[in-house]
Structures are given as structure tokens and as C-alpha cells.
Amino acid sequence: MNAKLRQRSYVTSFGASDMPERPFPMPSLDSLIQGDRPICYGVLKPGIEEDHGVPLIRIVDMESGGLRSEGLFRITPALDKEFARSRIDAGDLLLSIQGTVGRVAIAPPELAGANISRTIARLSFAAAGDGRFYKHWFLSSDGLRAMDGAIVGTTRSSLNIGVLRKVAVPSPTGPEKSTIADILDTLDTAIRQTEAIIEKLKQVQRGLLHDLLTCGIDTNGELRPPQSQAPHLFKDSPLGWIPREWDVLPIASLVRQVTYGFTNPMPTTTEGPWMLTAADIADGRIDYSTARRTSHREFARLSRKSRPSKGDILVTKDGTLGRVAVLDRDDVCVNQSVAVLSPLEAGACAFLALYLRSPLGQDRMIADAGGSTIKHIYITTLADMLVPGPPQAEALEIERRASALEQRVQLEASELVKLHALKSGLMDDLLTGRVRVTPLLHNLS
């Protein structure tokens, strides 16, 4: 979490018991809008695009609370003049009102003078900066309920502007409204920055993983140069060019068995061993929150092939194919949608699991899937699948480096979850007046 956000963490010090003596005033939305720029929707039929015409904002241009400014559809100046009433200014709040209802964005200065489509409403507030507050309010639980009440239509949802104008909205007085908007805007910035960090790390991760699994690490602990730069370090193989020290092996030679789980229905209980299906395996992890449990008695009756051990590799063979995870506990059984790869040695599965999760391994598993309409990964085909086999020390180092970067990605992802949770809680507290920022304002003054 960045320093600016930590400085603003004061809001969490006001508990839910700090109920305001008076709730926020609740005027109609229409009463807060500029008299000469009422709430309206935009251009009905854009017509043919004109290369050097006036930018037209559509729902597809509203992304993550903002507006994209590149690649916008452009309408003729004549059509823009016909719909001059819906031109936007910097600071206007835009709200999607048809189809995908409820997207919001603040118009940036560079798009002042642009127009909007009929699927978007423009809200031009009389008080400068109010748009920032109400952007957050429309995304809050109260705002979503208000929009639900203004929606008409069953096949294509449409927000009735007449009803929207009459919606009662909270209106803090003095600087409190802008302070609340500042707090939530700061959180939005932190969320966007964290998302950007995660995306950058994932790009680095994809590149590093490809290099590790195709070039490997030499005896000096350095990544080998690619085959095109150092052909003498590589040899040809059924998998393409691989380092000379590597082997190509079928999966069957690396594991005790390749099998799958039970086929008969199992009873569901509130406690007991876990029952995993393909739906419970994703992103290299097992989601126990979606998994069911079964009784110890029925679990004990299952054959060993349906009861994998900690350290076994699980691969989804039906449904969404090729999801991979390493089992992290023993009290688990799997059904027929999950293949089980039991390594010959404890802890020897890390590199194999890494390879199977990688784009290289995924492409090979999916390419070998059978079935005409519904695809399956057959365990015999999976057992015969060829994989690279680095020396043990190198394989462990490859997995260690890949794991270290994965941990960084997961750390940032965990931070992102926390930021979203913090923002959600603050929206409910601050936008309703349940928790006030007034004490802070008094302290600052």
C-alpha cells in the first residue's frame, strides 16, 4: 500500500458506532444539476463514421471508471450540432443507461466538447467536483439499488432518466463531500497502480518462464543464451531445441502411476475428507471453498487411486482441460474428471507441475486431447506425453526462481484484494454518513 494511502488510513479509526447526529441531506439528483445542462442522453443514430469528426463516447469506451481517449468513433459536425445538448465538459459524470447499466466515468479535460451516444447519460453538477463524489455513490450498494429502481425493460435493460432525476441522493455539506471523494479516489489510484504492477509482473513471469523451460540455467547460475545465439549449447529433440544436458522423457517414467478418481456418486457431508472435481482446480491452486466433503466411512472404502497423497499432481482431464495443481494435504479424494500423477520421489513433482502449467505444457496437453465434440485428456495419452528433463539440481533451481516470482505476483494480488475490501467498506461507511470525516476536518483546521 503506498504512503499516500497509508496517510489517509485515518478513516478506519472511526468505528461504525460513530453514528452521525444528523444524516446527510437527501435532495433529488436533479436539484444538484446545472439548470441549463439537464440530465440527458446523447446521439440516437451515429450514422457513418467521419475520420476527422467529433468524438462520440460509447459504453465500450468506459473502462475501469475512466474513459479511453484513443480510437473513439467520430460523428459528423452536423450531427454533433443537432445533439449539442449532450456535449460534455470536463468534470461531467457519465453514466451508462442501456444494456450494460451502471458504468460511470468522469469526463477528462481532453474530451471536453465530445458528444455521447444514446446509451449514456450526462450529469453536469452545479458544484464543481461533485461528479467525483457521485461516481463513487453510483457504484455503492445504495447507488446500485437506486439504479435498479429506475430500470425499465426486460429483454434490454434501460435506465429511465425521468425516474433517475427524482432519486434522492446523499449530499454532505461543506468540504466533507470533496474529502470523501478524495479518500475514495486515492483508493482507486492505489487499486489501478496495483493492477498495473500485477500485469507487469505477469509479463515478466511469462518471459522468464519461457526462458527457464527452454534454455535453463547453466552451472554458473545464469540463464543460458537462446539456441540462436549459442547453438553449441543445444541439441535437437522431439520437443525442439533443448540444452545438451537435458533429456526428453515420457511422464510415465517420472511417476509411479497416472490414474483418475472415482466414478460412482459419493455422499456429501458437512465435515470429513474433501471431494475434488475439475471445477475445484484453477490457477495452480485448489479452491476448497467450492469443494464438497464426504464421510470418513465412504472415503475409506475408495481405492488408493481415488485418494491421492500430498505432493501428487492433479490435472483436470474433463471440462476445462489441463488445469494443474500440486495436492497440499492427504484427506482428499478426486472424481473421474481429475487425473492423478504420483511422483516416484517425494518433492520430485515441482518441475513437472511447473512445466505442465506453463504455456508450453498446456499447448501440448490440449493438442493431444481426444474426443470429437467434448474434449478429454486420456490418461494413457498423458502418461506418454514427452516432457523435458533437466538434471535434478537445475530442475530445482528453475522451480525455485519461478516460484519466487509467482510469490511476488500472489503478494500483489493479495494486496489488491485488501484494497478492494477496504474501498467497499469505506464506500458503505462514508457515502451513507454512517462514519463521518468531520472530526478530521476539524483537526486539520
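**Helix contacts, salt bridges and buried residues**

Asp130 and Lys177 are both buried. In this predicted model, these two residues form a salt bridge, in which the closest N and O atoms are 3.1 Å apart. Asp130 belongs to helix H3 and Lys177 to helix H6 (residues 176-214), so the pair ties together parts that are 47 residues apart in sequence. Side chains of opposite charge can pair when their charged atoms come close.

A further link between these helices is provided by Asp188 and Lys135, whose side chains meet in a salt bridge with an N to O distance of 3.8 Å. Here, too, distant parts of the chain are linked, since Asp188 lies in helix H6 and Lys135 in helix H3, 53 residues apart. Asp188 has a relative accessible area of 11%, and because buried means under 20%, this residue counts as buried. Lys135, with a relative accessible area of 9%, is likewise buried.

A salt bridge within a single helix is found between Asp142 and Arg145, with the closest N and O atoms 2.2 Å apart. Both residues lie in helix H4, where they are separated by 3 residues, about one turn of the helix. Asp142 is partly exposed, its relative accessible area being 29%, whereas Arg145 counts as exposed at 54% relative accessibility. Elsewhere, Arg37, Asp89 and Asp92 are joined into one network by salt bridges that share partners. The count of salt bridges comes to 21.

The packing of helix H3 (residues 130-139) against helix H4 (residues 141-149) was examined next. The axes of the two helices are 4 Å apart and meet at an angle of about 75°. Because angles of 65 to 115 degrees count as roughly perpendicular, H3 and H4 are described as roughly perpendicular to each other. On the H3 side the contact is made by Trp137, Phe138 and Leu139, while H4 contributes Ser141, Asp142, Gly143, Leu144, Ala146 and Met147. By character, the residues of this contact divide into 6 nonpolar, 2 polar and 1 charged.

Aromatic residues were considered in the same way, and the count comes to 4 aromatic pairs. Trp137 and Phe138 form an edge-to-face pair, with 5.2 Å from centre to centre and 70° between the planes. Both Trp137 and Phe138 are buried. In addition, Phe125, Phe133 and Tyr134 form one aromatic cluster.

Burial was then followed into other parts of the chain. In helix H8 (residues 350-357), 6 of the 8 residues are buried, so this helix is largely enclosed by the rest of the structure. The buried residues of H8 are Phe351, Leu352, Ala353, Leu354, Tyr355 and Leu356.

A buried position is also found outside the helices, at Ala114, which is located in the loop between strand E7 (104-106) and strand E8 (115-116). The relative accessible area of Ala114 is 1%, and this residue is therefore buried. When residues up to four places away in sequence are not counted, Ala114 touches Val54, Pro55, Ser86, Arg87 and Ile88. Ala114 and Asn264, by contrast, are 150 residues apart in sequence and 62 Å apart in space, C-alpha to C-alpha.

Definitions and conventions: Residues are numbered from 1 along each chain as its sequence is written. This is a predicted model: local features need pLDDT of at least 70, side-chain atom pairs count only at pLDDT 80 or more; totals for chains, interfaces and linings use all residues. Side-chain values use heavy atoms; hydrogens and water are left out. Axes are lines fitted to C-alpha atoms, for helices over the stretch in contact, and angles run from 0 to 180 degrees between N-to-C directions. Angles under 35 degrees count as roughly parallel, over 145 as roughly antiparallel, 65 to 115 as roughly perpendicular and the rest as oblique. Contact means heavy atoms within 4.5 Å. Ala, Val, Leu, Ile, Met, Phe, Trp, Tyr, Cys and Pro count as nonpolar, Asp, Glu, Lys and Arg as charged, and the others, Gly among them, as polar. A salt bridge is a side-chain nitrogen of Lys or Arg within 4 Å of a carboxyl oxygen of Asp or Glu. Buried means under 20% relative accessible area, exposed over 50%, partly exposed in between (1.4 Å probe, protein chains only). Rings of Phe, Tyr and Trp (its six-membered ring) pair if their centres lie within 6.5 Å; planes under 30 degrees apart count as stacked, over 60 as edge-to-face and the rest as tilted.
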